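Got your viewer open? Let's take a short walk through this structure, one selection at a time.

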Amino acid sequence: MKIGVDLGGTNTVVGLCTDEGALLCKQGTPTRTGDPDGLRADMRRLALAVCAEKGVAPDEVCQVGIGVPGSFIKRTCTLTFGTNLQMDDVSFAQAFQPEFNCPVYLDNDANCAALGEYIGGAGRGVRNMVMVTLGTGLGGGLILDGKLYTGANDIAGEIGHMVVHYNGLPCNCGRRGCWEAYSSATGMVRLAEAALAQGGDSLLRGMKAENGGRLMAKMVCDARDAGDSLADGVFQQYVEYFACGLNNMIAILQPEKIVVGGGLAGYGEKLMSPVRALVRRGLMKADCEQAELVLAELGNDAGIIGAAMLAR
């Protein structure tokens, strides 16, 4: 048996998995941000709870994996910089002792999601896969030749910080023109705000006012569905930037599948169909024709399963 932990800025979720990566059960609790001792205690308590739920003794668990949002050191299982968790330099190596006397592994949450989809979701059956997560930021993970690729310093896969517009919009990473600045949910909102600033009628103005002056990516999608021309223009611009980044990924990695998850993936085929068309148009003759673009299947469970399987 294996345990996976999805450690998020809002919730901490712990799951019990089989050795093959099937999720048996999960339990969660609000994350105690800024409280390392409390967080470690919660993780251990939840790990014991999922074992008890399935009648599994702690000594039957052969490993624990944790997916974290932030910078880390794998060797010492230490979160070095966790802005969303409001804590730095926190080790989780001993967090599950004394009950769980097994190895503890740590990796980026997007990498865990990629590994989860590869093992039990939309990436099953391939050897080379790219995971793209569309949320507040744009995250990703790379599966190359059947293995999670993390590079020489364990942080490879930050695909959102590939530049798609030289000297373009500023990104939170400090650079300009990053893919994340255009193709995350935040990026869609920025494109919409810029379009509204140019004037013209749009349902988005009323939606924004009703939401306390805050525009959200889902509003752009909803307004587009309602026939709003400004929202449709924003969406088309968004799709062009998204497809541009995907074509770059294909040119560099030639994956068999690109799996798209995250909040914006909830727009489903309304997003994927136009993106596929633009990606096909941008392929080079030598590009992998089997670079299939699909939606993620596991939702939030992908990170739990991937974390549990990190020792792979």
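## Stop one: two helices that cross

Helices α6 and α7 are oblique to each other, and that follows from their angle of about 120 degrees, because angles from 65 to 115 degrees count as roughly perpendicular and only those over 145 as roughly antiparallel. Bear in mind as you look around that this is a predicted model. To find the pair, select residues 217–225 for α6 and 229–253 for α7. Their axes lie 8 Å apart, and α6 passes α7 in a left-handed crossing.

Now show the side chains where they touch. On the α6 side, pick V220, A223 and R224; on the α7 side, pick A231, D232, V234, F235 and Q236. Colour this contact by class and you'll get five nonpolar residues, one polar and two charged.

## Stop two: α6 and its other partner

Keep α6 on screen and add α4, residues 185–197. How far apart are the axes of α4 and α6? They are 8 Å apart, and the helices pack at an angle of about 60 degrees. That makes α4 and α6 oblique to each other too.

Select A185, M188, V189 and A192 of α4, then A217, V220 and C221 of α6, to light up the contact. Try the class colours again: seven residues are nonpolar, with no polar and no charged ones.

## Stop three: the second largest pocket

Stay where you are, and select A185, M216, A217, K218 and L264. Of the 17 residues lining the second largest pocket, these lie nearest its centre. Its volume is about 350 Å³. Which element gives the most to this lining? It's α6, with five residues. By class, the lining has nine nonpolar, four polar and four charged residues.

## Stop four: the largest pocket

Next, clear your selection and pick P69, N84, D109, A110 and T133. These are the closest to the centre of the largest pocket, out of 49 lining residues. About 1,700 Å³ of space lies in there.

Several elements each supply at least two residues to the lining, so to speak a shared job:

- strands β1 (2–7), β2 (11–17) and β5 (71–73)
- strands β9 (129–134) and β10 (138–144)
- helices α2 (109–120) and α9 (301–308)

Select α2 last: with five residues, α2 gives the most to this lining. One final recolouring by class shows 16 nonpolar, 25 polar and eight charged residues around the largest pocket.

Definitions and conventions:
Residues are numbered from 1 along each chain as its sequence is written. This is a predicted model: local features need pLDDT of at least 70, side-chain atom pairs count only at pLDDT 80 or more; totals for chains, interfaces and linings use all residues. Side-chain values use heavy atoms; hydrogens and water are left out. Axes are lines fitted to C-alpha atoms, for helices over the stretch in contact, and angles run from 0 to 180 degrees between N-to-C directions. Helices (H or I, at least four residues) and strands (E, at least two) are DSSP runs, numbered from the N terminus. Angles under 35 degrees count as roughly parallel, over 145 as roughly antiparallel, 65 to 115 as roughly perpendicular and the rest as oblique. A crossing is left-handed if the near helix is turned anticlockwise from the far one by less than a right angle, and right-handed if clockwise. Contact means heavy atoms within 4.5 Å. Ala, Val, Leu, Ile, Met, Phe, Trp, Tyr, Cys and Pro count as nonpolar, Asp, Glu, Lys and Arg as charged, and the others, Gly among them, as polar. On a 1 Å grid over the protein atoms alone, a cavity is a set of points where a 1.4 Å probe fits but cannot get out, and a pocket is an open set with protein on both sides within 12 Å along at least five of seven lines; lining residues have an atom within 4 Å of a point. Grid points are joined across faces, edges and corners, and a volume is the space filled by probe spheres set on the points.
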